Each structure stands twice: as C-alpha cells, then as structure tokens.
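Take a look at this protein from the inside. Begin with its open space, then turn to its packed interior.

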Amino acid sequence: PFTSSVMEIRKEWIDYNVHLNMAYYHVLFAQCSDQAFELLGMGPHYAKERRLTCYTAEVHICYVRELHLDHQIVSTLQILDHDEKRIRFFQELRHVDGWLAATSENLMLHVDMAGPKVAPFPADIMQKVEAMANAHASLQVPERAGRAIAIRRK
C-alpha cells in the first residue's frame with residue numbers, strides 16, 4: 001500500500017482523557033490520503049486548475065489503540081475498489097514501532113466543482129488510479145474492511 005510520511009501528534013489534539021481526540025484520527029488519515037491523492041494527480045492544483053476534486057461520501061473508523069502526544073505515526077492507503085467515478089480505499093494508522101492504532105475505510109467520489117456533481121475521472125487520472133489499484137490488487141483484503149456497526153446479541 002501507499003505509505004505516508006511520518007506524522008506527529010500536536011499538543012492541541014490531546015483531549016481531557018490525555019490521549020488523541022477522536023477527531024484528529026480523521027485529520028491524520030486525511031493527511032495520508034492527501035499525500036496519496038497528490039501522487040494520483042488529484043492534489044490542490046487539481047481543484048484549482050481543473051476544477052475537479054474528490055469528496056468523501058462515507059467513512060468507517062475503528063479505534064484500536066490510544067495514541068498520545070509523544071507518538072509518531074504513519075498511515076497506509078490501499079485501494080480496494082474503484083470505478084469511473086469512485087474509489088473505495090482502506091487505511092491503517094500505525095505507530096512507527098509497528099502497532100496498529102486505528103483503521104479507516106472510505107468511499108470517495110470524484111466531483112466536478114462546477115456543479116458540484118459526481119463526474120467521471122479524466123483519462124489521465126483514471127490511468128493513475130488504475131495503476132495504483134493494480135499495484136494493490138495482490139495485497140490481501142484487510143481483515144477490518146467491510147465492517148458494519150452493530151450491537152451483536154446472543
């Protein structure tokens with residue numbers, strides 16, 4: 001999978017429970033997806049120059065282990081599926097020592113900002129998406145992918 005640069009936790013992200021507030025897990029995952037989407041040609045210049053971008057349609061985060069101020073982390077991004085207008089991807093947030101802190105499964109929509117409306121990827125971007133998806137095709141589907149929220153009853 002794509003792996004982000006090393007990220008650090010900011011002091012203002014720590015909550016009254018003395019750990020990373022849940023909202024900032026989203027921030028860290030977003031920083032990774034921004035890096036990956038830049039590699040795919042869909043960074044800030046894409047929105048500014050081509051008036052095309054991606055919107056998040058759905059996210060499912062699992063908080064596995066607490067993160068604290070002194071932790072350094074990396075995130076991965078693995079494309080699970082895509083079509084002409086959407087990308088489904090899975091992310092893991094890991095401490096630099098390797099242990100899993102959280103996972104995130106996402107559905108992104110490609111958007112024409114003139115609408116805004118969901119629109120097909122241009123051919124040059126689709127080629128990059130397909131190349132990354134093909135590189136990820138041999139990876140195992142993550143165990144936590146496709147999970148649903150439920151209270152299991154006996």
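**Pocket and cores**

The largest pocket has a volume of about 350 Å³. This comes from a predicted model. The pocket is lined by 22 residues. Nearest its centre lie Ala30, Ser33, Asp34, Thr56 and Met108.

Which elements build this lining? At least two residues each come from helix 1 (22-39), helix 2 (44-50), strand 3 (52-63), strand 5 (86-95) and strand 6 (100-112). Helix 1 supplies the largest share, seven residues. By chemistry, the lining of the largest pocket divides into 12 nonpolar, eight polar and two charged residues.

Now move to the packing. The largest nonpolar core holds 20 residues. Within this core, Phe37, Met42, Leu77, Ile87 and Phe121 touch the most other members. Two or more core residues come from each of helix 1, strand 3, strand 4 (72-82), strand 5 and helix 3 (123-136). Which element gives the most to this core? Helix 3 does, with five residues. Helix 1, strand 3 and strand 5 thus appear in both lists, for the pocket lining and for this core.

Follow one core member, Leu77, outward. Leaving aside neighbours within four places in sequence, Leu77 is in contact with Pro1 and Phe2. Its other contacts on that count are Cys32, Ser33, Ala36, Phe37, Phe89, Phe90, Gln91, Met132 and His136. Among these, Phe37 is another of the core residues that touch the most other members, and Ser33 is one of the residues nearest the centre of the largest pocket.

A second core stands separate, with 14 residues. Its members include Leu20, Leu93, Trp99 and Ala101.

Methods: Residues numbered from 1 in each chain as written. Predicted model: local features only at pLDDT ≥ 70, side-chain atom pairs only at ≥ 80, totals over all residues. Heavy atoms only, no water. 1 Å grid on protein atoms, 1.4 Å probe; cavity = no way out; pocket = protein on both sides within 12 Å on 5 of 7 lines; lining within 4 Å. Points joined across faces, edges and corners; volume = space filled by probe spheres on them. Helix = DSSP H or I, 4+ residues; strand = E, 2+ residues; numbered from the N terminus. Nonpolar A, V, L, I, M, F, W, Y, C, P; charged D, E, K, R; others polar. Core = buried A, V, L, I, M, F, W, Y, C linked by side-chain atoms within 4.5 Å. Buried < 20%, exposed > 50% of the residue type's maximum accessible area, 1.4 Å probe, protein only. Contact = heavy atoms within 4.5 Å.
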